[in-house]
Amino acid sequence: MIDLLALCAFNAAYADAIDSDALERWPDFFADDCHYRITHVENEREGLPAGIVYADSRAMLEDRIAALREANIYERQRYRHLLGMPLLLEAEADTARARTPFMVARIMATGQTEMFATGSYEDRFVRREGRLLLQSRVAVCDSTVTDTLLALPL
């Protein structure tokens, strides 16, 4: 059974990979046939599938990181995630659904720090070959205003 402690440990490792700029590890948190999307609360409430960021495979996530490292030009920045306790909505032997609140501060190269995003992760987890993986992560942001400098994954 996938339990709350496993989800907490998973989310801590996920946030650490992003916050420590180990972005090449980020796709490893997802199943090959995953879904990842960043959207906002109104789009989610209306059932609108388009996202600010959208990927439907781990290969697309890997491409996103390669583009960040090699092709995209953006102001250097880093994040600091603060995660709440996951709310376990469903749990089976090898699957689970959970909702986890998040706050993300963005630290610019100048040292300026600001609250960048708040919201919740709407997750579907699977266990494959003993590893917990995200089948789906939808980052639902509270604000409908999106900074155009959304370079890093949430």
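Which residues do ring pairs link into a cluster? In this predicted model, the cluster consists of Phe 10, Tyr 14, Trp 26, Phe 29, Phe 30, Tyr 36, Phe 102, Tyr 121 and Phe 125. This report begins with those rings, then turns to charged side chains, cysteines, the surface and the backbone.

## Aromatic rings

The structure contains 10 aromatic pairs. In one of them, the ring centres of Phe 10 and Phe 125 are 5.1 Å apart and the planes stand at 90 degrees, so this pair is classed as edge-to-face. Phe 10 belongs to helix 1, while Phe 125 belongs to strand 6 (residues 113-128), so the contact ties together parts that are 115 residues apart in sequence. Phe 10 and Phe 125 are both buried.

Another pair is formed by Trp 26 and Phe 30. The centres of these two rings are 5.4 Å apart, with planes at 75 degrees, so Trp 26 and Phe 30 are also edge-to-face. Trp 26 is buried, as is Phe 30.

Two members of the cluster, Tyr 14 and Tyr 121, have a further partner in Arg 137. This arginine lies over the face of Tyr 14, 4.3 Å from the ring centre. The charged end of Arg 137 also sits over the ring of Tyr 121, at 3.8 Å from its centre.

## Salt bridges

Side chains of opposite charge can pair when their charged atoms come close. How many salt bridges does the structure hold? The count is 12, and the table presents three of these pairs, including one made by Arg 137.

| Salt bridge | Closest N to O distance |
|---|---|
| Glu 24 and Arg 69 | 2.7 Å |
| Glu 44 and Arg 37 | 3.1 Å |
| Arg 137 and Asp 123 | 2.7 Å |

Arg 137 and Asp 123 form a salt bridge that links distant parts of the chain, with Arg 137 in strand 7 and Asp 123 in strand 6, 14 residues apart. Both Arg 137 and Asp 123 are buried. Arg 137 thus appears in two settings: a salt bridge with Asp 123, and a position over the ring of Tyr 121.

The bridge between Glu 24 and Arg 69 likewise links distant parts of the chain. Glu 24 is in the loop between helix 1 and strand 1, and Arg 69 is in helix 3 (residues 58-70), 45 residues apart. Glu 24 is partly exposed, at 48% relative accessible area, and Arg 69 is partly exposed at 33%. The two residues also belong to a network of salt bridges that links Asp 21, Glu 24 and Arg 69.

In the bridge between Glu 44 and Arg 37, Glu 44 is partly exposed, with a relative accessible area of 31%, whereas Arg 37 is buried at 9%.

## Cysteines

Why does the search of the whole structure find 0 disulfides? The sulfur of Cys 34 has its closest cysteine sulfur in Cys 141, at 18 Å, which is too far for a bond. For Cys 141, in turn, the closest cysteine sulfur is that of Cys 34. A disulfide would require the two sulfur atoms to be within 2.5 Å. Cys 34 is buried, with 2% relative accessibility, and Cys 141 is buried at 11%.

## Surface and backbone

Leu 4, Met 85 and Leu 88 make a nonpolar surface patch of about 250 Å². Leu 4 is located in helix 1 (residues 4-19) and is partly exposed, at 33% relative accessibility.

Which backbone angle is positive in Asp 21? The angle is phi, near 60 degrees, in a residue other than glycine. Asp 21 is found in the loop between helix 1 and strand 1 (30-40) and is partly exposed, with a relative accessible area of 45%. This residue is one of the members of the salt-bridge network described above.

Glu 129 likewise has a positive phi, near 50 degrees. Glu 129 is placed in the loop between strand 6 and strand 7 (131-141). Its relative accessible area is 83%, and Glu 129 is therefore exposed.

Strand 7 also contains Val 138, which is buried, with a relative accessible area of 6%. From Val 138 to Val 104 the C-alpha to C-alpha distance is 15 Å, and the two residues are 34 residues apart in sequence.

Definitions and conventions. Residues numbered from 1 in each chain as written. Predicted model: local features only at pLDDT ≥ 70, side-chain atom pairs only at ≥ 80, totals over all residues. Heavy atoms only, no water. Patch = residues over 30% accessible without salt bridge, like charges linked within 9 Å, V, L, I, M, F, W, Y side chains within 5 Å. Areas by Shrake-Rupley, 256 points an atom, 1.4 Å probe, with all protein chains shown as cover. Salt bridge = Lys/Arg side-chain N within 4 Å of Asp/Glu carboxyl O. Helix = DSSP H or I, 4+ residues; strand = E, 2+ residues; numbered from the N terminus. Buried < 20%, exposed > 50% of the residue type's maximum accessible area, 1.4 Å probe, protein only. Phe/Tyr/Trp six-rings, centres within 6.5 Å; stacked < 30°, edge-to-face > 60°. Lys NZ or Arg CZ within 6 Å of the ring centre and 35° of its normal.
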